[in-house]
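This report describes one helix pair and then two individual residues. Please keep the sequence and the coordinates at hand while reading.

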Amino acid sequence: MDAVVGRIKLGSEGLEVSAQGLGCMGMSAFYGPPKPESDMIQLIHHAVNSGVTFLDTSDVYGPFTNELLLGKGLKGIRGKVELATKFGISFADQKGEVRGDPAYVRASCEASLKRLDVDCIDLYYQHRIDTRIPVEITMGEIKKLVEEGKVKYVGLSEASASTIRRAHAVHPITAVQLEWSLWTRDVEEEIVPSCRELGIGIVAYSPLGRGFFSSGAKLLDQLADDDYRKGLPRFQPENLEHNARIFEHVTELAAKKGCTPSQLALAWVHHQGNDVCPIPGTTKIENLNQNIGALSVKLTLEEMAELEAYASADVVKGERYDPGFSSFSWMHANTPPLASWKTE
C-alpha cells in the first residue's frame, strides 16, 4: 500500500503543511552542478501531486537560481503549496556575510517575492543569525512585512534557545529549522524543548545526514567534484570509515523491517513528534517516492532506542560543518542584547 502524506499543524499560529516537506536546495546549488530545469519542475509537480506540498528554498541557493526555479515550477499550482524561503546570508562581491539589518531584511523579501513571482511568502525564515544585531531589531522589520501582507508566518534557522525566545517575544515564531537526524542530535538538549514550550513547530533539514543514510560510505563515490559535502568533516576518510559502521547497523535493522536504510532513518525523525516536519531533499522522483514511503514505517520504542544507540553523540565522528563555518554564524547563534543597539 502506498504511503499517504498527511497534514500537520506547524506551530501554533495556524500554518498547516504536509507531514513531509521537500528541500529544494540540491536542485540548484551545493550538491554538484544545477540539475536540468525541466526535470526539476517535473519533480516539484510530482511532489505536490503526491501530497508533499511544503517546499523549502532560500535566496542563497544558487544564489537566487533556486527561487527562480520554484517561481517557474509553481505556475498554476501556487494555491496548493506552502512556500518557505529564507534571507540572511549575503554573497555580495563573492564575500559571504550574515546580515539581519532592517534595510537588508526588507530588500531581501522584496527580491524573493519577485523571483518566486508570488504576492506573499507563506513562511519566511531568518536563515542565519546576525551576531552583530539584536534579533529584536531584525524581527521588528519582519513584523512590518507580515503587517503589509508580504509574509504570512515567521521562522528562524540555526538559532539558539535564547535567541528563539527573544525573537518570539517580538513576533510569534511559527517554525524553527534545524539539522536533526540520527547522527545530529544536539538540538534535543535545549532547542527542541524550548520550541515545544513556546508552541513553535520544528522543521528538520538534512534528516538523511546529507545522503549518508541512503548510501553510507559509498555516497562519496557518487558525488560530483564540486559537491560541498566532499569537504565536510564527517565525510573525511578518517571519520567516514568509522561512521560507515553506523550505516551498517541501520541497514541490518532496515532489512528486518522490510524497508530501506534511508526510510528507516527518516521514519526515526517522523517519530519525534507530530510537531516535527522533516524536509529531505532530492532531485529524483524515485527517491521522492521512497522518502514518502518512510511515513508508513512504524517503529517501536525498542527500535527507536536501538537506532539511537547506533548513532549516539559519542559514536559519530566529525563535526557537522567545516570549522570555518562556525565563524560565519552557522551554529545556533546568539545575538547581542537589545540595550547594546545604538540608533543613529
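## A helix pair and two residues

In α4, the residues Val135, Glu136, Met139, Gly140 and Lys143 meet Thr163, Arg166, Ala167 and Val170 of α5. Sorted by character, the residues of this contact between α4 and α5 comprise 4 nonpolar, 2 polar and 3 charged. The model is a predicted one, and the geometry of the pair is computed from it.

Two packed helices are described by the angle between their axes and the distance between the axes. Helix α4 spans residues 135–147 and helix α5 spans residues 161–170, and their axes come within 9 Å and cross at roughly 40°. That angle makes α4 oblique to α5, and the crossing in which α4 passes α5 is right-handed.

Turning to single positions, arginine 245 is placed in helix α9, which covers residues 237–257, whereas serine 296 sits in the loop between α11 (285–293) and α12 (301–310). Arginine 245 is partly exposed, its relative accessible area being 45%, and serine 296 likewise counts as partly exposed, at 43% relative accessibility. For serine 296, a polar atom of the side chain lies 2.9 Å from the backbone oxygen of glycine 293.

The table sets sequence separation beside C-alpha to C-alpha distance for two pairs.

| Pair | Separation in sequence | C-alpha to C-alpha distance |
|---|---|---|
| Arginine 245 and tyrosine 310 | 65 residues | 8.5 Å |
| Serine 296 and arginine 99 | 197 residues | 41 Å |

How values were computed. Residues numbered from 1 in each chain as written. Predicted model: local features only at pLDDT ≥ 70, side-chain atom pairs only at ≥ 80, totals over all residues. Heavy atoms only, no water. Helix = DSSP H or I, 4+ residues; strand = E, 2+ residues; numbered from the N terminus. Buried < 20%, exposed > 50% of the residue type's maximum accessible area, 1.4 Å probe, protein only. Axes fitted to C-alpha atoms, helices over the stretch in contact; angles between N-to-C directions. Parallel < 35°, antiparallel > 145°, perpendicular 65-115°, else oblique. Left-handed = near helix turned anticlockwise from the far one by under 90°. Contact = heavy atoms within 4.5 Å. Nonpolar A, V, L, I, M, F, W, Y, C, P; charged D, E, K, R; others polar. Polar contact = N/O pair within 3.5 Å; in protein donor to acceptor, adjacent residues only side chain to side chain.
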